[in-house]
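Work through the exercises below with the coordinates open beside you, and try each task before reading its solution.

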Amino acid sequence: VQLQASGGGLVQAGGSLRLSCAASGLTFSRYGMGWFRQAPGKEREFVASISWKGGSTYYADSVKGRFTISSDNAKNTVYLQMNSLKPEDTAHYYCAAQRWGSGIMRQPNYWGQGTQVTVSS
């Protein structure tokens, strides 16, 4: 299984980025997908997830109203649209997959290598 994340970069506060995570080696439609992040010196934290059925999404309170998770089963890809970015959003962002996952993702089966997001003030 491979989860290939992309789309990170350097952006000014208030700007936007869209992260993508292309999955291979799994039956994408059977997996809930999620995004986590880890800032230097901090533990990895949940950001957002979408259920395996694709109809339900979940967000950390810190990103509600600013981030949107979506998926495209035809492309085996999950996205994270990040708007109104803040310096505190600076972190390494990881995508993850959990078989039959629904709700807030807590125990992914697979992790991607992640992509760096840096928000300057």
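The exercises that follow treat aromatic pairs, charges over rings, the nonpolar core, the strand pairings and one loop residue, all in a predicted model.

**Exercise 1. Aromatic pairs**

Task: Classify the ring pair Phe-36 and Phe-46 and the ring pair Trp-52 and Trp-100, and state where each partner lies.

Solution: A pair of aromatic rings is described by the distance of the centres and the angle of the planes. The criterion needed here is that centres lie within 6.5 Å and that planes over 60 degrees apart count as edge-to-face. With this rule the count comes to four aromatic pairs. For Phe-36 and Phe-46 the ring centres are 5.7 Å apart and the planes stand at 80 degrees, so this pair is edge-to-face. Phe-36 belongs to strand β4 (residues 31-38) and Phe-46 to strand β5 (residues 45-50), so the pair ties together parts that are 10 residues apart in sequence. Both partners are on the buried side of the 20% limit, with a relative accessibility of 7% for Phe-36 and of 15% for Phe-46.

Turning to the tryptophans, the ring centres of Trp-52 and Trp-100 are 4.8 Å apart with planes at 80 degrees, so this pair too is edge-to-face. Trp-52 lies in the loop between β5 and β6 (57-59), and Trp-100 in the loop between β9 (91-99) and β10 (110-111), so the pair ties together parts that are 48 residues apart in sequence. Trp-52 is partly exposed at 30% relative accessible area, and Trp-100 is partly exposed at 43%.

**Exercise 2. A cluster and a charge**

Task: Find the residue that forms one aromatic cluster with Phe-36 and Phe-46, and then determine over which rings Arg-44 lies.

Solution: The cluster consists of Phe-36, Phe-46 and Trp-111. The charged end of Arg-44 sits over the ring of Trp-111, at 3.7 Å from the ring centre. Arg-44 also lies over the face of Tyr-94, where the distance to the ring centre is 4.9 Å.

**Exercise 3. The nonpolar core**

Task: Describe the largest nonpolar core by its number of residues, its best-connected members and the strands that supply it.

Solution: In soluble globular proteins, nonpolar side chains tend to be buried together. Here the largest nonpolar core has 35 residues, and those with the most contacts inside it are Trp-35, Leu-80, Met-82 and Tyr-93. At least two residues of this core come from each of β1 (2-6), β3 (17-24), β4, β5, β7 (67-72), β8 (77-82), β9 and β11 (115-120). The largest share, five residues, is that of β9. To examine one member, take Tyr-93 and leave aside its neighbours within four places in sequence: its contacts then include Trp-35, Leu-80 and Met-82, and among the others are Leu-19, Phe-67 and Val-117.

**Exercise 4. Strand order and register**

Task: Which strands form the open sheet of four strands, and which residues stand opposite each other in it?

Solution: The order is β1-β3-β8-β7, with antiparallel pairing. The edge strands are β1 and β7, each of which pairs on one side only, and the twist averages 15 degrees from one strand to the next. β1 and β3 are joined by five bridges; in this pairing Gln-4 stands opposite Ala-22, and Ser-6 has Ser-20 as its bridge partner. β3 and β8 pair over six bridges, and Ala-22 stands opposite Thr-77 in β8.

**Exercise 5. The surroundings of β5**

Task: Is β5 largely enclosed or open, and with which strands does it pair?

Solution: Five of the six residues of β5 are buried, so this strand is largely enclosed by the rest of the structure. β5 pairs with β4 in the antiparallel sense over five bridges, and Met-33 has Ile-50 as its bridge partner there. Three bridges join β5 to β6, again antiparallel, with Ser-49 opposite Tyr-58. The hairpin of β4 and β5 has six residues between the strands, and Gly-41 takes a positive phi near 80 degrees in it. The hairpin of β5 and β6 also has six residues between the strands, and there Gly-54 takes a positive phi near 85 degrees.

**Exercise 6. A loop residue**

Task: Locate Ser-29 and list its contacts beyond four places in sequence.

Solution: Ser-29 lies in the loop between β3 and β4 and is partly exposed, with a relative accessible area of 35%. Its contacts beyond that sequence limit are Trp-52 and Asn-73.

Definitions and conventions. Residues numbered from 1 in each chain as written. Predicted model: local features only at pLDDT ≥ 70, side-chain atom pairs only at ≥ 80, totals over all residues. Heavy atoms only, no water. Phe/Tyr/Trp six-rings, centres within 6.5 Å; stacked < 30°, edge-to-face > 60°. Buried < 20%, exposed > 50% of the residue type's maximum accessible area, 1.4 Å probe, protein only. Lys NZ or Arg CZ within 6 Å of the ring centre and 35° of its normal. Core = buried A, V, L, I, M, F, W, Y, C linked by side-chain atoms within 4.5 Å. Contact = heavy atoms within 4.5 Å. Pairing = 2+ DSSP bridges. Axes fitted to C-alpha atoms, helices over the stretch in contact; angles between N-to-C directions.
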